[in-house]
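Hi everyone, thanks for making time. I'd like to walk you through a structure that's probably new to most of you, so let's put it up on the screen and take a tour.

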Amino acid sequence: MSQAPRIAFIGLGHMGGPMAANLLRAGYALTVFDLVSSAVEAAVTLGAKAADSAAAAVIDAQVVISMLPASAHVESLYLEETALLERIAPGSLVIDCSTISPDSARRVARAARARDIAMIDAPVSGGTAGAAAGTLTFIVGGSTEHLERARPLLEKMGKNIFHAGDSGAGQVAKICNNMLLAIHMIGTAEALSLGAAHGLDPKVLSEIMAKSSGRNWSLEVYNPWPGVMENVPAGRNYDGGFGVDLMLKDLGLAMEASLETRASTPMGSVARNLYALHSRQGAGRLDFSSILRLIEGRAL
Ligand code: NAD
């Protein structure tokens, strides 16, 4: 691959938009496509070239990066409706950063291999702030050789790059992480709610637990109680951040994965049900830390 490969970037949402922006800032030539034209325009103002379809975006591309919502979108893009793998030149590299089912990731990677296209699954952790700051964690599934080809690009968008194993392994690791994240977010909301019901100041209680054995990321970095911490979604009515419906999707993936292997995931199952209830009550687009409102029995 030449020093600066031409890149097609597909999916410019909350995550893909800032990730593409970091590649543009690093000097890469990007052709971009999203179903939402305002997202494309935002990338164009940073120097990207707009394409009017995914198929048009991959013409001449040596690397294709996608950041789409879920398995159905990724399979539709690469295999079904758009059948992009038939348009991508053999020898190219595909990096799918979406969080999707390990099965879907393996299916697309198999089809890519059959066309002599390299592919890695590279879901991310670090949220929209990490995407903007270029400090994402990439959790990669695929061969070492393909990961090494992708590394220079991943380094422009992230800080930590882990190789979890073969195709699909990145997705498995990501799903395990997000199941644990949901569980400790709910537990943190529950503990703060109990303390507050007994008259404790949630800020003081957070400080105590952060220096005690209950400490965890939801408590210390992403506190769900409004006013305890600045610059977190709880401080802006749970706007932005990582949506309840995306968390619900990831918990659904965890449940599917546990069924496949008969792994026991009782807490993950409770977490999926609580997030499903929260979503049904209208919280789907709020940040996932808004689960505090469900625990507190408060209106949205
Ligand atoms: P998003 O909904 O903001 O963005 C997805 C984008 O994909 C949208 O702009 C949509 O128009 C576009 N899209 C859908 N189908 C398309 C198609 N066929 N062709 C072109 N564009 C298409 O979602 P997001 O928050 O950016 O999340 C993307 C992925 O990253 C998800 O799998 C999510 O689970 C994962 N993720 C999100 C976060 C977060 O904090 N938001 C954190 C880690 C991982």
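Let's begin with R107, which is partly exposed, with a relative accessible area of 34%. One thing to keep in mind from the start: this is a predicted model.

So what does R107 form a salt bridge with? The partner is E75, and the closest N and O atoms of the two are 2.5 Å apart. This pair ties together distant parts of the chain: R107 sits in helix α5, residues 102-114, while E75 sits in helix α4, residues 71-78, and 32 residues separate them. And is E75 buried or exposed? With a relative accessibility of 10%, E75 counts as buried, whereas R107 on the other side of the bridge is partly exposed at 34%.

How many salt bridges does the structure hold? There are 6, and I'll show you two others.

Stay in helix α5 for a moment. The side chains of D103 and R106 meet in a salt bridge there, at 3.3 Å from N to O. These two are 3 residues apart in the helix, so about one helical turn separates D103 from R106. As for exposure, D103 is partly exposed at 33% relative accessibility, and R106 is also classed as partly exposed, at 30%.

Now over to helix α7, residues 144-157. Here R151 and E148 form a salt bridge, with the closest N and O atoms 2.9 Å apart. Because R151 and E148 are 3 residues apart in α7, they are separated by about one helical turn. R151 is partly exposed, with a relative accessible area of 25%, and E148 is partly exposed too, with 39%.

Okay, on to the ligand. How many residues surround it? The answer is 23, and the closest are H14, M15, D34, P69 and K249. If you sort that shell by residue type, you get 11 nonpolar, 9 polar and 3 charged.

Where does the shell come from? Domain 1, which is 7-166, and domain 2, which is 172-296, each provide at least three of its residues. Looking at helices, α6 (127-133) and α11 (244-261) each supply at least two.

Let me point at a few individual contacts. With H14, an N or O atom of the side chain is 2.8 Å from an oxygen atom of the ligand. With L68, the backbone takes part: one of its N or O atoms lies 3.1 Å from a ligand oxygen. T99 also uses its backbone, with a polar atom 3.0 Å from an oxygen atom of the ligand. And how much of the ligand does the protein bury? Taken alone, the ligand exposes 830 Å², and the protein buries 87% of that.

Back to helix α4 for a second, since H73 is found there as well. H73 is partly exposed, with a relative accessible area of 40%. If you compare H73 with S98, they are 25 residues apart in sequence, and their C-alpha atoms are 9.4 Å apart in space.

Next, a stop at helix α8, residues 169-197, where you'll find S193. What does the side chain of S193 make a polar contact with? It's the side chain of E296, at 2.5 Å. S193 itself is buried, with a relative accessible area of 11%.

Last stop: a couple of backbone oddities. Most residues other than glycine have a negative phi. D116, though, has a positive phi of about 60° and is not a glycine. Where is D116? Look in the loop between α5 and β6, the strand at 118-121. D116 is exposed, with a relative accessible area of 54%.

N231 is the other one I picked: again not a glycine, and again with a positive phi of about 60°. Its place is in the loop between α10 (217-220) and α11. N231 counts as exposed, with 74% relative accessibility.

To wrap up, if you take two pictures away, I'd suggest these. One is the ligand in its shell of 23 residues, with at least three from each of the two domains. The other is the R107 and E75 salt bridge, joining helix α5 to helix α4. That's my tour, and I'm happy to take questions.

Definitions and conventions:
Residues numbered from 1 in each chain as written. Predicted model: local features only at pLDDT ≥ 70, side-chain atom pairs only at ≥ 80, totals over all residues. Heavy atoms only, no water. Near = heavy atom within 4 Å. Polar contact = N/O pair within 3.5 Å; in protein donor to acceptor, adjacent residues only side chain to side chain. Areas by Shrake-Rupley, 256 points an atom, 1.4 Å probe, with all protein chains shown as cover. Helix = DSSP H or I, 4+ residues; strand = E, 2+ residues; numbered from the N terminus. Nonpolar A, V, L, I, M, F, W, Y, C, P; charged D, E, K, R; others polar. Domains from an automatic or database assignment. Salt bridge = Lys/Arg side-chain N within 4 Å of Asp/Glu carboxyl O. Buried < 20%, exposed > 50% of the residue type's maximum accessible area, 1.4 Å probe, protein only.
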